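Here's a quick walk through a single-chain model, going from one small polar contact out to the core and the backbone oddities. Keep the viewer open as you read.

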Amino acid sequence: MLDLNPIRFGTLALLILAGCNSDPNVSPFELAVARDKWNRSGIENYEIEFHFQGQLNYPAGFTRLEVLQGDVVSAQSLDGLITYPPPFDAWPTVSQLFDLIEANTQHHSGSGTIAVDATFDEDRGYPRRVTITCVQPTPDCGATYQFRNLVPLLTIDRP
């Protein structure tokens, strides 16, 4: 027989409703926790693979980025056949992607952003996948950004 104990039934209902959150937006708390985890990692120099899908004209597939002290200093296709020339301003760093998430989750009036959905690396906190959904797609909106395979660089081996 089904146990309809009011306390158990109420607890079960709350658990079900909590799991049905249809709001895909990254919460300010979730973003703050992830950014804090990233900042506490102390990683300033790293290689990371980046992929973009949206309105901007990035290469197809993943690109390996090298970031030194907060700046992208090289971009290369994963097969190593293409090394992209400077400037590297268009390639995002982890910190810049955090800034983009924050800017789009603030829902400024008329911004056109509907939702920002993000997943973060469990160990280091960096954004692994960010999808920004908009009323009207624009260069930074209506896009998916992906980071994967972050490798910290312990020394700067550049001339």
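## A serine at the end of a strand

A polar side-chain atom of S77 sits 3.4 Å from the backbone nitrogen of L81. Keep in mind that this is a predicted model. S77 belongs to strand β3, which covers residues 71-77.

Is S77 buried or exposed? With a relative accessible area of 8%, S77 is buried, since the cut-off for that label is under 20%. Skipping residues up to four places away in sequence, S77 touches F62, T63, R64, I82 and Y84.

## The chain as a whole

Zooming out, the chain has three helices and seven strands. Along the sequence they run α-α-β-β-β-β-α-β-β-β. Of the 159 residues in the chain, 34% are buried. The accessible surface adds up to about 10100 Å², with 55% of that belonging to carbon and sulfur atoms.

How much of the contact map is long-range? Taking contacts with a separation of 6 or more, 53% are between residues 24 or more positions apart.

## Helix α3 and its buried face

Helix α3 spans residues 94-105. From first to last C-alpha, its 12 residues reach 17 Å, close to the 16 Å expected at 1.5 Å a residue. Which residues of α3 are buried? They are V94, L97, F98, L100, I101, N104 and T105. Looking down the axis of α3, these buried residues fall within an arc of 160 degrees, so they line one face of the helix. The general geometry is handy here: an α-helix has 3.6 residues a turn, so residues three or four places apart point the same way.

I101 is a good one to click on. I101 counts as buried at 0% relative accessibility. Leaving out residues up to four places away in sequence, I101 touches L31, V116, A118, F120, P127 and V130. The C-alpha of I101 is also 9.9 Å from that of N25, with the two positions 76 residues apart along the chain.

## The nonpolar core

The largest nonpolar core contains 33 residues, and W91, V94 and Y145 have the most contacts inside it. Who contributes? At least two residues each come from α2 (28-41), β1 (46-53), β2 (63-68), β3, α3, β5 (113-120), β6 (127-134) and β7 (143-152). The largest share, five residues, is from α3. As a general backdrop, nonpolar side chains tend to be buried together in soluble globular proteins.

V94 touches W38, Y46, I48, Y126, P127, F147 and L150, not counting residues up to four places away in sequence. Over in strand β1 you'll find F50, which counts as buried at 1% relative accessibility. Beyond its neighbours within four places in sequence, F50 is in contact with Y58, G61, F62, T63, L65, W91, P92, Y145, Q146 and F147. F50 and R148 are 98 residues apart along the chain, yet their C-alpha atoms are separated by 6.7 Å.

## Helix α2, two sides

Now for α2. The end C-alpha atoms of its 14 residues are 20 Å apart, which agrees with the 20 Å they should span at 1.5 Å a residue. The buried residues of α2 are L31, A34 and W38. Those three cover an arc of only 70 degrees around the axis, which puts them on the same side of α2.

Flip to the other side of α2 and P28, F29 and R40 are exposed. Just after α2 comes G42, with a positive phi of about 70 degrees.

## Backbone oddities

Where is the cis peptide bond to look at? It runs from P86 to P87, with omega near 5 degrees. P87 itself is in the loop between β4 (83-84) and α3.

Two residues that are not glycines also take a positive phi. Q69 does so at about 50 degrees, in the loop between β2 and β3. Q69 is exposed, with a relative accessible area of 55%. N149 has a positive phi of about 55 degrees, and its place is in strand β7. With a relative accessible area of 44%, N149 is partly exposed.

Note on methods
Residues are numbered from 1 along each chain as its sequence is written. This is a predicted model: local features need pLDDT of at least 70, side-chain atom pairs count only at pLDDT 80 or more; totals for chains, interfaces and linings use all residues. Side-chain values use heavy atoms; hydrogens and water are left out. Helices (H or I, at least four residues) and strands (E, at least two) are DSSP runs, numbered from the N terminus. Buried means under 20% relative accessible area, exposed over 50%, partly exposed in between (1.4 Å probe, protein chains only). Contact means heavy atoms within 4.5 Å. Accessible areas come from the Shrake-Rupley method with a 1.4 Å probe; for residues, only the protein chains shown count as cover. A polar contact is a pair of N or O atoms within 3.5 Å; within protein, one must be able to donate a hydrogen and the other to accept it, and residues adjacent in sequence count only if both atoms are side-chain atoms. The expected span of a helix is 1.5 Å times one less than its number of residues. The arc is that of the directions from the helix axis to the C-beta atoms. A nonpolar core is a set of buried Ala, Val, Leu, Ile, Met, Phe, Trp, Tyr and Cys residues joined through side-chain atoms within 4.5 Å.
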